Amino acid sequence: MNLLRLLIIAVVVWIAWFLLKRWLAAEEYRKILQKPPKSPELMQQCRYCGVHVPASEVVYDQAVPYCCVEHREAARRSSGR
Ligand SMILES: [Zn+2]
């Protein structure tokens, strides 16, 4: 009878261990899912040609965004400055 009790305890422990492992795996999976996606870089539209460029590559002229120096210069020329 003692052996049977030991066996039951072993099975209960094994089930608890199995469930804990599954719960931890689910928790890990949920963490991966909840990870916020890399925020997309802010896009700026070139005032000259209308192309959208990442904010880090934008060329500014008095807070007006341009995709490249050439378009900034072209816009300056066309505005008569
Ligand atoms: Zn442009």
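**A stretched-out chain with two domains**

Only a small share of this chain is tucked away: 7% of the 81 residues of the protein chain count as buried. Here a residue is buried if 20 or more other C-beta atoms lie within 10 Å of its own, exposed if 12 or fewer, and partly exposed in between, with the C-beta atoms placed from the backbone. What you're looking at is a predicted model, in which local features need pLDDT of at least 70, side-chain atom pairs count only at pLDDT 80 or more, and totals for chains, interfaces and linings use all residues. Numbering runs from 1 along each chain as its sequence is written.

Now for the overall shape. Along the principal axes, the C-alpha atoms of the protein chain fill a box of roughly 100 × 15 × 15 Å. The radius of gyration is 31 Å, where a compact globule of 81 residues would come in near 12 Å. That radius is taken over C-alpha atoms, and the globule rule is 2.2 Å times the number of residues to the power 0.38. As for contacts with a separation of 6 or more in the protein chain, 10% of them come from residues 24 or more positions apart; a contact means C-beta atoms, placed from the backbone, within 7 Å.

The chain splits into domain 1 (1–35) and domain 2 (43–78), with bounds from an automatic or database domain assignment. Taken over C-alpha atoms, the centres of domain 1 and domain 2 are 59 Å apart.

Walking along the sequence, you meet the pattern α-β-β-β-β-α, so to speak a tally of 2 helices and 4 strands. These are DSSP runs numbered from the N terminus: H or I of at least four residues for helices, E of at least two for strands.

Start with helix H1, residues 2–34. Its 33 residues reach 47 Å from first C-alpha to last, close to the 48 Å expected at 1.5 Å a residue; the expected span is 1.5 Å times one less than the number of residues. H1 lies largely in the open, because the number of buried residues among its 33 is 0. An α-helix has 3.6 residues a turn, so residues three or four places apart point the same way.

Further along, have a look at the loop between strand S3 (59–61) and strand S4 (64–66), where Gln62 sits. Phi of Gln62 is near 50°, a positive value in a residue other than glycine. Ala63 lies in the loop between S3 and S4 too, and its phi, near 70°, is also positive without the residue being glycine. Gln62 counts as exposed because it has 4 C-beta neighbours inside 10 Å, and Ala63 counts as exposed with 5.

Conventions:
Contact = placed C-beta atoms within 7 Å.
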